[in-house]
Amino acid sequence: MNIVENPYLTLFQKQQAYQFEVGNTTVKARLQKLNRLKAALEVTYRSQIHVALKKDLNKSITETDLTEIYPIISEIKHVKRHLWHWVKNQKVPTPLSLFGASSYIKYEPKGVCLIISPWNFPLNLTFGPLVSAIAAGNTVILKPSEMTPHTSALMKTMVQDLFDETEVALVEGEVETAQHLLNLPFNHIFFTGSPAVGKIVMKAAAAHLSSVTLELGGKSPAIIDQSANLKTTARRLIWGKLVNCGQTCIAPDYVLIDKTSQDVFIDHCIKSIEFYYSQLPETSNSYGRIVNQHHLNRLKSLIDDAVAKGATVAYGGNIIESENYIQPTIITNCNNEMRILQEEIFGPILPIVNFRNTEDILHHINANHKPLAVYIFSDKKSFIKTISNNTRAGTTVINNNLIQFNNHHLPFGGSNNSGIGKSHGYYGFKAFSNERAFMKQHFKGISEYVTPPYTSIKEKIAA
Ligand code: NAD
């Protein structure tokens, strides 16, 4: 399609025209914007957010507070503490050969940015990156997922209430809408979603040489060593696996454990599931639902495929189709031929894979794409070191999972297939900033002495 016919060209051009005004705002003005967003999340729209997420994902109020609202508020608080420092020009040394000059780095906004977000934490993953984009002084167009329509509609109302469309606008729509937006020459595209769509985004970005941050997914393993406390490990892993019904990019996808520890571990897992959600999770107010029937069928087919190829459902497996409900499910006797060990699960199913030795573990992980996270449960320094040094991943947490998301001092993101670029805190600010190099040369300096003709410096000084 010709760019002139693009339905979002006018909006894009308005933001383009306004970008220097936004870019030149003071820290105080940017923090005022973030304070407005914070108040909207904390007070004005909080109960409407609870209702929207209940409708879209059956999220309980507490889970919505903990996983959708609080992480954005805490990101804003972090920015408020540090933005004054981040925006300062950074002086850097200048080599003696350039005597007479001084050098510094200025963090300038990228300009007009596009944020495309997924459905699994629809509020958090739309407004989270927005905080960084505003902090860095950009104008932004947001395109949330069509699969969580109540939350997307509410976010649109919030954005219209809080911002002028020349600085922040939200466009609702499906794939076609995203494609129209991707045809525009954004200065930066921040995409959160699947690796498959990440490749489409990167291709589109290449047409304009837009920079990208890609927050993608994959299979994050949890490795349990014999030295691990199995009860605590099970409690933490079951929590991490079942938050948001397993629809979490950094959820532990599968477990690697030696055969001799497996039965005790599963026993602790079952106790943890029943402790968190009772023996009937379908009646628990704390247990979520699968986003839609398509994903329910996808998950069902992962279980069926595994069972057909020799796996055992050790616990769970019940499905209530009319409610998009899948019981927390543990699967044993898994092998690499099964789709459940090939595709990102993104649901409340935990496959258990056995290993005989450390080489087995490394071989298994390194035969696949680099995961978003590698979780190691162990009390043995040497084991932790061997796994950390011989695998590659976006993050590693030792003896827990998921908690890395809430430390804003850490870069968040994957590596290659699980992501390109980082977000959160300073790293989010940097993702939306161009590190512009400045040099200031004083009128008297050494550069005149290195211009042609290449005679001796003595002669030049004399001249
Ligand atoms: P998705 O890639 O299907 O969709 C994400 C967004 O891209 C949506 O807004 C959608 O409308 C848009 N989109 C879909 N197809 C498109 C196309 N062909 N062209 C342009 N845009 C398109 O992802 P999803 O199903 O919403 O989310 C699940 C995936 O996201 C999982 O892989 C998960 O691991 C990943 N994820 C990653 C993170 C992270 O921070 N790394 C966080 C959450 C989810």
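In this predicted model, the shell around the ligand is a shared affair: domain 1 (3-217 + 419-436) and domain 2 (221-406) each put in at least three residues. Counting by residue type, the shell splits into 13 nonpolar, 10 polar and five charged residues. Of the 28 residues around the ligand, the ones that come nearest are Pro-118, Ala-178, Gly-193, Gly-217 and Cys-249.

As for secondary structure, helix 7 and helix 8 each supply at least two residues of that shell. Helix 7 gives the most, with four residues.

Helix 7 itself spans residues 175-182, and its buried residues are Ala-178, Leu-181 and Leu-182. These three sit on the same side of helix 7, because they cover an arc of only 100° around the axis. What covers them includes strand 3 (112-116), strand 4 (139-143) and helix 8 (195-208). Ala-178 thus turns up twice: it is buried in helix 7, and it is also among the residues that come nearest to the ligand. Helix 8 has two roles as well, helping to cover the buried residues of helix 7 and supplying at least two residues of the ligand shell.

Zooming out, the protein chain is divided into the two domains already mentioned, domain 1 and domain 2. Their C-alpha centres lie 31 Å apart. The contact takes 15 residues from domain 1 and 16 residues from domain 2. On the side of domain 1 that touches domain 2, the largest share comes from helix 4 (residues 61-86), with four residues. By type, the residues on that side of domain 1 come out as five nonpolar, eight polar and two charged.

Note on methods
Residues are numbered from 1 along each chain as its sequence is written. This is a predicted model: local features need pLDDT of at least 70, side-chain atom pairs count only at pLDDT 80 or more; totals for chains, interfaces and linings use all residues. A residue is buried if 20 or more other C-beta atoms lie within 10 Å of its own, exposed if 12 or fewer, and partly exposed in between; C-beta atoms are placed from the backbone. The arc is that of the directions from the helix axis to the C-beta atoms. Two residues are in contact if their C-beta atoms, placed from the backbone, lie within 7 Å. A residue is near a molecule or strand if its C-beta atom, placed from the backbone, lies within 6 Å of it. Ala, Val, Leu, Ile, Met, Phe, Trp, Tyr, Cys and Pro count as nonpolar, Asp, Glu, Lys and Arg as charged, and the others, Gly among them, as polar. Domain bounds come from an automatic or database domain assignment.
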